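Here is the note you asked for, written for someone who is opening this structure without having seen it before. The points are numbered so that each can be checked against the view below.

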Amino acid sequence: MIGALADSYTYVLFAILMVVGLYMVAASANLVKKVVGLNMFQTGIFLFFVTTAYVDNGSSPVIPAEAAAGDRYASPLPQVIVLTAIVVGVALTAVSLALIVRIYDEYGTLNEATLREVRTDE
Amino acid sequence: MSELFAAALFVFVLVTAVTTALLRDVLAVVVVFAAYSLGMALFYAFLLAPDVAMTEAAIGAGVTTLLLLLTLTKTNRTRPDRWIEGVDLPALAVFAALLIVLVVTLLNSIPAVGDPGAAWNNPGVTQYYIENAYDDTGVENAVTAVLAGYRGFDTFGEAVVVFAAGISSLIVLRQVVFTRE
């Protein structure tokens, strides 16, 4: 069991980060904390992708022109997907934070429960 | 040595993640989350992904933290009565069960970290990029070659997403007002 854990420690970390992020989205009353949780969820998935690219005793995918045939490199494809996803993730964060600022201007609170009360009173 | 480094990173990321979830003060959450992002950047660098690590350090730890802090300055932060957030027990039970299911499934079905024979290490596709990236594009960094060369249209689409996000943020914040003439 311990050996299996040591063999796949990044997958375990991926599962933990994903679940902690989801917990923050579901259980936090504060809207900003929900966005932070969403970001943590994302980085967990990025860790999964980067791990699938990783090879033991390899090197990063910078391949010199005179590369030997037997050299091992990390796969560039998952890394490219993660690069794109990081940038799209920050765009998502920007829009959700803009919405949060507007919600605060309109209702004067960022607490989910208070927000619900204020909205039913209207 | 590298095992020790990996273990230290694992513990650092885990502790900062759990602290982020447990702290009550939003400013403290943002600061600890920035430290977490930096730990993740180190982890990506350790896993042979320097490009991802640089992007995460600049965008995850930099831009995201900046955006979160800007949001905090535009909203009122109430001084919290206590440091630690109360734990939502039903949610915790559901997500703990989810975590156990995930970890058991992963441990039973996934090849070891860094196993060169893993099924998704599809040699036909991966080896093609590794062998031909330099000849096709003249760039030694295969990640750059794929990002800007082979998948250039994808990156263009990403730029469109960022543009759309910028425009919609401005509209939501009423920095741009459309008037009917």
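**Notes on the predicted model**

1. A:R72 is a convenient place to begin: with a relative accessible area of 38%, the residue is partly exposed, because that value falls between the 20% under which a residue is buried and the 50% over which a residue is exposed. Please keep in mind throughout that this is a predicted model. A:R72 belongs to the loop between α3 and α4 of chain A.

2. The surroundings of A:R72 deserve a look, since residues of both chains appear among them. Leaving aside residues up to four places away in sequence, A:R72 touches A:V55, A:D56, A:N57, A:G58 and A:S59, and from the other chain B:P116. For A:G58 there is also a distance to check: 14 residues separate A:R72 and A:G58 in sequence, while their C-alpha atoms are 4.7 Å apart in space.

3. A:N57, one of the residues that A:R72 touches, should be inspected for its backbone. Its phi is near 55 degrees, which is a positive value in a residue other than glycine. A:N57 lies in the loop between α3 and α4 (76-107) of chain A, and with a relative accessible area of 75% the residue is exposed.

4. Chain B offers another backbone angle of this kind at B:L48, where phi is near 65 degrees, again a positive value in a residue other than glycine. B:L48 sits in the loop between α2 (26-46) and α3 of chain B. Is B:L48 buried or exposed? At 15% relative accessibility B:L48 counts as buried, because the limit for that class is under 20%.

5. The aromatic residues come next, and the structure holds nine aromatic pairs over all chains. In one of them, the rings of A:F14 and A:F48 have their centres 4.8 Å apart and their planes at 45 degrees, so this pair is tilted. The pair links distant parts of the chain, with A:F14 in helix α2 (residues 9-27) and A:F48 in helix α3 (residues 31-53) of chain A, 34 residues apart. Both A:F14 and A:F48 are buried.

6. A:F48 also pairs with A:F49: the centres of their rings are 6.3 Å apart and the planes stand at 75 degrees, so this pair is edge-to-face. A:F49 counts as partly exposed, at 32% relative accessibility, whereas A:F48 is buried. Which residues form one aromatic cluster with A:F48 and A:F49? They are A:Y11 and A:F14.

7. A:L47 is found in helix α3 of chain A, and its relative accessible area of 0% makes the residue buried. Not counting residues up to four places away in sequence, A:L47 touches A:T10, A:L13, A:F14 and A:L17, together with B:M40, B:F43, B:Y44 and B:L47 of the other chain. The C-alpha atoms of A:L47 and A:Q79 are separated by 10.0 Å, with these positions 32 residues apart along the chain.

8. B:T64 is another residue with neighbours in both chains, and its place is in helix α3 (residues 50-74) of chain B. Residues up to four places away in sequence being left out, B:T64 touches A:N39, A:V90 and A:T93 as well as B:I59. At 3% relative accessibility, B:T64 counts as buried.

9. Turning to chain B as a whole, its secondary structure comes to seven helices and zero strands. The radius of gyration of chain B is 22 Å, where a compact globule of 181 residues would have a value near 16 Å. Along the principal axes, the C-alpha trace of chain B spans about 60 × 60 × 30 Å.

10. Some further values complete the description of chain B. Buried residues make up 37% of its 181 residues, and 49% of the contacts in chain B between residues at least 6 apart in sequence join residues at least 24 apart. Chain B exposes about 10,400 Å², of which carbon and sulfur atoms supply 69%. Chain B carries 8 positive and 15 negative charges, and the mean positions of these two groups are 24 Å apart.

How values were computed:
Residues are numbered from 1 along each chain as its sequence is written. Chains are lettered from A and ligands numbered from 1 in the order in which they are written. This is a predicted model: local features need pLDDT of at least 70, side-chain atom pairs count only at pLDDT 80 or more; totals for chains, interfaces and linings use all residues. Side-chain values use heavy atoms; hydrogens and water are left out. Rings of Phe, Tyr and Trp (its six-membered ring) pair if their centres lie within 6.5 Å; planes under 30 degrees apart count as stacked, over 60 as edge-to-face and the rest as tilted. Helices (H or I, at least four residues) and strands (E, at least two) are DSSP runs, numbered from the N terminus. Buried means under 20% relative accessible area, exposed over 50%, partly exposed in between (1.4 Å probe, protein chains only). The radius of gyration is taken over C-alpha atoms; the globule rule is 2.2 Å times the number of residues to the power 0.38. Contact means heavy atoms within 4.5 Å. Accessible areas come from the Shrake-Rupley method with a 1.4 Å probe; for residues, only the protein chains shown count as cover. Lys and Arg count as positive and Asp and Glu as negative; His and the chain ends are not counted. The place of a charge is taken as NZ of Lys, CZ of Arg, CG of Asp or CD of Glu.
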